[in-house]
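The exercises below ask the reader to examine a predicted model. Each task is followed by a solution in steps.

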Amino acid sequence: MIPFQLLIKPAGPDCNLRCTYCFYRRVGKLFPAKPVHRMNREMLEEVIRQYLGLRFPVSCFSWQGGEPTLCGLAFFEEVVKLQMKHGRGGQAVSNAFQTNGLLLDKDWCLFFNRYKFLVGLSLDGPQALHDHHRLRDGTGSWERVMRVARLLSDYEVEFNILAMVTRKSENRARELFYWFAEQGFRYLQFIPCLERLPGGRGIAPFSVSVGGYGDFLCGLFDVWWENRSQGVSIRLFDTVLEHLVGGHPMFCVFAPDCQGYLVVEHDGTVYPCDFFVRDDTCLGNIVDTPLPTLFQAPAYKQFCRKKKQLPHECQGCRWLSFCWGGCQKDRIDGEGRPVASNFFCRAYQQFFSHSMPRLLTLAKEIKPPAASGPVEGCEQ
């Protein structure tokens, strides 16, 4: 079986922020019976037992939300105990943890450091920009998040920054790069914000525009290129470089298909993607159907194949092998129906045309020389 990752939502859609652009809050409508959603200990063990039972060389657990810290530190201490219980010798386990950071303290940081969790911290930039969308009880969250970022650094926790690119920030690429670099943040991921309105009414006002996102990527690339000696890593640029040196894309947006992970909600229901946690895309529940069966289910394979069902204009595009049509969620309208092409198609074309000559030069510098013959232990 092809190894896959688990993206687990132990607190479901519950969160202690009310971000205006949050796409996952609507998922609460799928679980109306309880106002609070938490994965219980029995379900947690079942998820870990089944996944580690597949004996992948590396088993990747990604803990997301909502906000996973709402489950409490004791929950994740139990996670590690159960991973040790059900893992076997020679089996590597990794944990990634996406958080808004509000509940993190010294004890959380000691835990993350000890068990080598990779933390993704949501931070949109300077205070006015971050607090414009990321609200807690009607007030901003920036000051607390910045204190947590320092705490993570002090306790030597590996973490990266996830920043949303919105209509408000789409013309501030250069400013954002320098601001993050000045804070000492070296691992950055910029995520385009897009929310389509139902009934064909366009996009939500906070969504980044197509032209704005294209300009943002080009401006970000220029300032990154000028300062590349600083060692700032930007995930999208790293992904394209990985492709150019002969590797595989490091995130699903630019992968040829969607067959890379399963989403497990707090009650054990499984979905193909967290952008597609919907009644019509539910694959089943791990209590009734084991994870490997769900991963090989016709419904999951059908979902994965949809990424390859590209519009005609994609077939002759010179950048097809780099973007593969982009994310499926950017290829549907506000009712979930397919549209002609990816919303960000022109933005990606603009970025690739702008950056590719320099990325090719850089790829040649870092690409290892060709071996004179087969290398023992490598796939041919």
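**Exercise 1.** Is Phe190 buried or exposed, and with which residues is Phe190 in contact beyond its neighbours within four places in sequence?

*Solution.* Step 1. The relative accessible area of Phe190 is 10%. Buried means under 20%, so Phe190 is buried.

Step 2. With neighbours within four places in sequence left aside, the contacts of Phe190 are Ala163, Val165, Leu176, Phe180, Tyr213, Phe216, Leu220 and Ile234.

Step 3. Phe190 also belongs to the largest nonpolar core, which has 118 residues. Together with Trp63, Phe112, Leu152, Phe180 and Phe352, Phe190 touches the most other members of that core. Helix α7 (residues 210–226) gives the most to this core, namely 9 residues. In soluble globular proteins, nonpolar side chains tend to be buried together.

**Exercise 2.** Classify the ring pair Phe97 and Phe117, and then the aromatic pair Phe180 and Phe190.

*Solution.* Step 1. The geometry to be used is general: a pair of aromatic rings is described by the distance of the centres and the angle of the planes. The whole structure holds 46 aromatic pairs.

Step 2. For Phe97 and Phe117, the ring centres are 6.4 Å apart and the planes stand at 55°. Planes under 30 degrees apart count as stacked and those over 60 as edge-to-face, so this pair is tilted.

Step 3. Phe97 lies in strand β3 (residues 92–99), while Phe117 lies in the loop between α3 (106–115) and β4 (118–122), so the pair ties together parts 20 residues apart in sequence. Both rings belong to buried residues: the relative accessible area is 1% for Phe97 and 2% for Phe117.

Step 4. For Phe180 and Phe190, the centre-to-centre distance is 5.9 Å and the angle between the planes is 65°, and this pair is edge-to-face. Phe180 is in helix α6 (residues 173–182) and Phe190 in strand β8 (residues 187–192), 10 residues apart. Phe180 is buried, at a relative accessible area of 0%.

**Exercise 3.** What does the side chain of Asp274 meet in a salt bridge, and which parts of the chain does that pair tie together?

*Solution.* Step 1. The partner of Asp274 is Lys9, at 3.4 Å from N to O. This is one of 12 salt bridges found in a search of the whole structure.

Step 2. Asp274 lies in the loop between β11 (269–271) and β12 (284–285), and Lys9 in the loop between β1 (5–8) and α1 (41–52), so the pair ties together parts that are 265 residues apart in sequence.

Step 3. Asp274 is buried, with a relative accessible area of 7%, and Lys9 is buried as well, at 1%. Lys9 additionally lies over the face of Tyr24, at 4.0 Å from the ring centre.

**Exercise 4.** Describe the burial of two further salt-bridge pairs, Arg38 with Asp14 and Glu226 with Arg174.

*Solution.* Step 1. The side chains of Arg38 and Asp14 meet at 2.8 Å, N to O. Arg38 and Asp14 both lie in the loop between β1 and α1, 24 residues apart. Arg38 is partly exposed at 33% relative accessibility, whereas Asp14 is buried at 14%.

Step 2. In the salt bridge of Glu226 with Arg174, the closest N and O atoms are 3.1 Å apart. The pair links helix α7, which holds Glu226, to helix α6, which holds Arg174, across 52 residues. Glu226 is partly exposed at 48%, and Arg174 is partly exposed at 38%.

Step 3. Salt bridges can also join into a network, as they do for Arg41, Glu45, Glu78 and Lys85.

**Exercise 5.** Compare the expected span of α7 with the distance between its end C-alpha atoms, and state how many of its residues are buried.

*Solution.* Step 1. The helix has 17 residues, and the expected span is 1.5 Å times one less than that number, so α7 should span 24 Å.

Step 2. The end C-alpha atoms of α7 are 25 Å apart, which agrees.

Step 3. Of the 17 residues of α7, 12 are buried, and the helix is mostly covered. Among the buried residues are Tyr213, Phe216, Leu220, Trp224 and Trp225. The cover over the buried residues includes β7 (159–165), α6, β8, β9 (233–234), α8 (235–244) and α13 (345–366).

Step 4. Trp225 has a charged residue over its ring: Arg228 lies over the face of Trp225, at 3.8 Å from the ring centre.

Definitions and conventions: Residues numbered from 1 in each chain as written. Predicted model: local features only at pLDDT ≥ 70, side-chain atom pairs only at ≥ 80, totals over all residues. Heavy atoms only, no water. Core = buried A, V, L, I, M, F, W, Y, C linked by side-chain atoms within 4.5 Å. Buried < 20%, exposed > 50% of the residue type's maximum accessible area, 1.4 Å probe, protein only. Helix = DSSP H or I, 4+ residues; strand = E, 2+ residues; numbered from the N terminus. Contact = heavy atoms within 4.5 Å. Phe/Tyr/Trp six-rings, centres within 6.5 Å; stacked < 30°, edge-to-face > 60°. Lys NZ or Arg CZ within 6 Å of the ring centre and 35° of its normal. Salt bridge = Lys/Arg side-chain N within 4 Å of Asp/Glu carboxyl O.
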